[in-house]
Amino acid sequence: MMNILINGNVKVFDTSEMTVASLVVALELTGKRLAIEKNGEIVPRSQFADVLLQDGDKLEIVGAVGGG
């Protein structure tokens, strides 16, 4: 079990290992324009598949909104 704080809300995942990329899939955010901050550090999109999450990590996820 892994507890991750996402945008101020605790989410529990039934896994012991997860990358930022697999989190994006689990949250059904695939294909969306996102900025993700992990424990105060921006995670570049090119590193989503390489950055491992750990129990207790704090994430902020922001999606781009278009319009005019």
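**Entry 1: Lys38**

I began with Lys38, which is buried because its relative accessible area is 17%, and buried means under 20%. I note here that the model is predicted. I located Lys38 in strand β4.

I then asked which residues Lys38 touches. Not counting residues up to four places away in sequence, I listed Val43, Val51, Leu52, Leu53, Asp57, Lys58 and Leu59. For Leu52 I also recorded a distance: its backbone oxygen lies 3.1 Å from a polar atom of the Lys38 side chain.

**Entry 2: the salt bridge**

I recalled that side chains of opposite charge can pair when their charged atoms come close. How many salt bridges does the count give? I found that it comes to one. The partners are Lys38 and Asp57, and their closest N and O atoms are 3.9 Å apart. I checked this distance against the cut-off, which is within 4 Å.

I next looked up what the pair connects. Lys38 belongs to strand β4 (residues 34-38), while Asp57 sits in the loop between β6 (52-53) and β7 (58-63), so the salt bridge ties together parts that are 19 residues apart in sequence. Are the two partners buried or exposed? I noted that both Lys38 and Asp57 are buried.

**Entry 3: strands β1 and β2**

I turned to the pairing of β1 with strand β2 (residues 9-13). The two strands run antiparallel and are joined by five bridges. Within this pairing I found Ile4 opposite Lys11 of β2. The hairpin formed by β1 and β2 has two residues between the strands, and I noted that Asn7 takes a positive phi near 50° there.

**Entry 4: Phe13**

I stayed with strand β2 in order to examine Phe13, which is found in it. Phe13 counts as buried because its relative accessibility is 12%. Leaving aside neighbours within four places in sequence, I recorded its contacts with Met1, Met2, Ile4, Ile6, Met18, Leu23, Ala26 and Leu27. I also looked up Asp55: Phe13 and Asp55 are 42 residues apart in sequence, and their C-alpha atoms are 9.5 Å apart in space.

**Entry 5: Met1 and the surface**

I closed with Met1, which appears among the contacts of Phe13. Met1 is found in the segment before β1 (2-6). Is Met1 buried or exposed? I entered it as exposed because its relative accessibility is 65%, and exposed means over 50%. Which residues make the nonpolar surface patch of about 330 Å²? I found that Met1 makes it together with Val10 and Val12.

Methods: Residues numbered from 1 in each chain as written. Predicted model: local features only at pLDDT ≥ 70, side-chain atom pairs only at ≥ 80, totals over all residues. Heavy atoms only, no water. Salt bridge = Lys/Arg side-chain N within 4 Å of Asp/Glu carboxyl O. Helix = DSSP H or I, 4+ residues; strand = E, 2+ residues; numbered from the N terminus. Buried < 20%, exposed > 50% of the residue type's maximum accessible area, 1.4 Å probe, protein only. Patch = residues over 30% accessible without salt bridge, like charges linked within 9 Å, V, L, I, M, F, W, Y side chains within 5 Å. Areas by Shrake-Rupley, 256 points an atom, 1.4 Å probe, with all protein chains shown as cover. Pairing = 2+ DSSP bridges. Polar contact = N/O pair within 3.5 Å; in protein donor to acceptor, adjacent residues only side chain to side chain. Contact = heavy atoms within 4.5 Å.
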